[in-house]
Amino acid sequence: MKYLQTKALVLRSRPFAEMDRLLTLLTWDEGKISAKAPGARRVKSKLAAAVEVFTCGSFLLYRGRTIFTVSQAQVEVSFREQMVHVENYARGQYFAELTERLIPEGEPNPGVFEHLLAAWSSLQEWQGDRELLTRFFELRLLLLLGFQPHCENCLFCGDLQGPFYWSAAAGGLFCERCRPARQPGVSLSRGSHAILRAMQRVSLREMKNLRAPQGQQRELADFIRQFIQYWTETGSLKSLAFMREHGDP
Ligand SMILES: [Zn+2]
């Protein structure tokens with residue numbers, strides 16, 4: 001089939017050639033793909049609105065030999081308005097970039113699609129803790145893509161009480177007794193451990209009730225980010241640095 005009709009989230013949109021845009025789309029049917037949007041930077045282009053980042057749109061795509069070309073595109077939901085707030089923008093960009101780096105090309109993953117869509121849309125009226133929302137996004141995204149940090153108990157003896165230490169290389173936690181001498185690890189307080197476990201069980205909506213003091217925020221951010229760095233191939237993310245300038249630990 002030469003044409004693909006699908007719903008897609010615009011993860012990235014950058015100027016290309018004279019008047020075009022080059023997109024990274026997360027499509028419902030074929031996962032992550034690259035697509036060219038011809039003429040999308042012209043003032044009167046019908047594609048212009050739907051090919052901006054933070055958009056969920058309906059796309060008709062022509063399948064070329066190396067890249068898709070956008071034939072038609074309509075906005076279904078745009079999250080651009082809520083992204084005018086710089087902190088939302090920073091988090092929304094980070095969600096998109098992390099997804100783009102972690103998800104393999106051309107493999108549909110409806111769970112990841114729904115997760116990113118829900119995270120973008122919740123940024124606007126989020127009454128809960130935004131740092132924890134971000135940790136939840138990271139942790140659930142990892143899970144949906146088959147990466148699972150071992151957070152329940154000690155990797156070696158199964159101890160549930162803690163206090164715990166963790167090492168990115170070990171992929172999880174160990175208790176005081178099992179803590180390897182050559183890899184002493186970083187400590188994880190009981191409070192942070194409880195939040196980590198809760199985040200693995202709850203839904204996005206239930207996250208609104210979770211809170212954590214600054215020290216635990218820091219521990220959780222370090223734990224998840226170092227896991228991502230060690231176990232995945234995301235490299236350094238521009239949006240992560242930007243988000244940290246705007247308040248993320
Ligand atoms: Zn142990």
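Four donors count as tetrahedral if all angles lie between 85 and 135 degrees. Keep that rule at hand for the exercises below, which work through a predicted model.

**Exercise 1. Find which residues coordinate the zinc ion, and work out what arrangement the donor atoms make.**

Step 1. Start with the donors: the zinc ion is held by the SG atoms of Cys-154, Cys-157, Cys-175 and Cys-178, at 2.3 Å.

Step 2. Now look at the angles. The 4 donor atoms subtend 104 to 116° around the zinc ion, and the arrangement is therefore tetrahedral.

Step 3. Read the spacing of the donor residues in sequence: C-x2-C-x17-C-x2-C.

Step 4. Place two of these residues in the fold. Cys-154 sits in the loop between α3 (130–144) and β6 (164–167), while Cys-175 belongs to strand β7 (residues 172–175); the pair links distant parts of the chain, 21 residues apart.

Step 5. Finish with burial, for which the cut-off is under 20% relative accessible area. Cys-154 has 2%, so Cys-154 is buried. Cys-175 has 3% and therefore counts as buried.

**Exercise 2. Describe the chain as a whole: which pattern do its helices and strands follow, and how does its radius of gyration stand against the globule rule?**

Step 1. Count the elements: the chain has 6 helices and 8 strands.

Step 2. Put them in sequence order, and the pattern reads β-β-β-β-β-α-α-α-β-β-β-α-α-α.

Step 3. Compare the radius of gyration with the rule. The chain has 20 Å, and the globule rule gives 18 Å for 249 residues; the two are close, so the chain is as compact as a globular protein of that length.

Step 4. Add the outline: along the principal axes, the C-alpha atoms fill a box of roughly 65 × 35 × 30 Å.

Step 5. Turn to the inside and the surface. Of the 249 residues, 51% are buried. The chain exposes about 12300 Å², with 50% of this supplied by carbon and sulfur atoms.

Step 6. Check how contacts span the sequence. Among those between residues at least 6 apart, 62% join residues at least 24 apart.

**Exercise 3. Classify the ring pairs Phe-79 with Trp-120 and Tyr-89 with Phe-242.**

Step 1. Recall what is needed: a pair of aromatic rings is described by the distance of the centres and the angle of the planes. Planes under 30 degrees apart count as stacked, over 60 as edge-to-face and the rest as tilted.

Step 2. Take Phe-79 and Trp-120, whose ring centres are 6.0 Å apart. Their planes meet at 55°, so this pair is tilted. Phe-79 is in the loop between β5 (68–78) and α1 (86–102), and Trp-120 is in helix α2 (residues 110–122), 41 residues apart. Both residues are buried.

Step 3. Take Tyr-89 and Phe-242, with centres 6.2 Å apart. Here the planes are at 85°, so the pair is edge-to-face. Because Tyr-89 lies in helix α1 and Phe-242 in helix α6 (residues 238–245), the pair ties together parts 153 residues apart in sequence. Tyr-89 is partly exposed at 32% relative accessible area, and Phe-242 is partly exposed at 28%.

Step 4. Join the results: these four residues, together with Phe-54, form one aromatic cluster.

**Exercise 4. Decide whether Arg-135 is buried or exposed, and list its contacts beyond four places in sequence.**

Step 1. Locate Arg-135 in helix α3.

Step 2. Its relative accessible area is 0%, so Arg-135 is buried.

Step 3. Leaving aside neighbours within four places in sequence, Arg-135 contacts Met-199, Leu-220, Ala-221, Ile-224, Arg-225, Met-243, Asp-248 and Pro-249.

Definitions and conventions: Residues are numbered from 1 along each chain as its sequence is written. This is a predicted model: local features need pLDDT of at least 70, side-chain atom pairs count only at pLDDT 80 or more; totals for chains, interfaces and linings use all residues. Side-chain values use heavy atoms; hydrogens and water are left out. Donors are N, O and S atoms within 2.8 Å of the metal (3.2 Å for Na, K and Ca); water is not among the atoms, so sites may look incomplete. Four donors count as tetrahedral if all angles lie between 85 and 135 degrees; four count as square planar and six as octahedral if opposite donors are over 155 degrees apart and all others between 65 and 115; anything else is irregular. Helices (H or I, at least four residues) and strands (E, at least two) are DSSP runs, numbered from the N terminus. Buried means under 20% relative accessible area, exposed over 50%, partly exposed in between (1.4 Å probe, protein chains only). The radius of gyration is taken over C-alpha atoms; the globule rule is 2.2 Å times the number of residues to the power 0.38. Contact means heavy atoms within 4.5 Å. Accessible areas come from the Shrake-Rupley method with a 1.4 Å probe; for residues, only the protein chains shown count as cover. Rings of Phe, Tyr and Trp (its six-membered ring) pair if their centres lie within 6.5 Å; planes under 30 degrees apart count as stacked, over 60 as edge-to-face and the rest as tilted.
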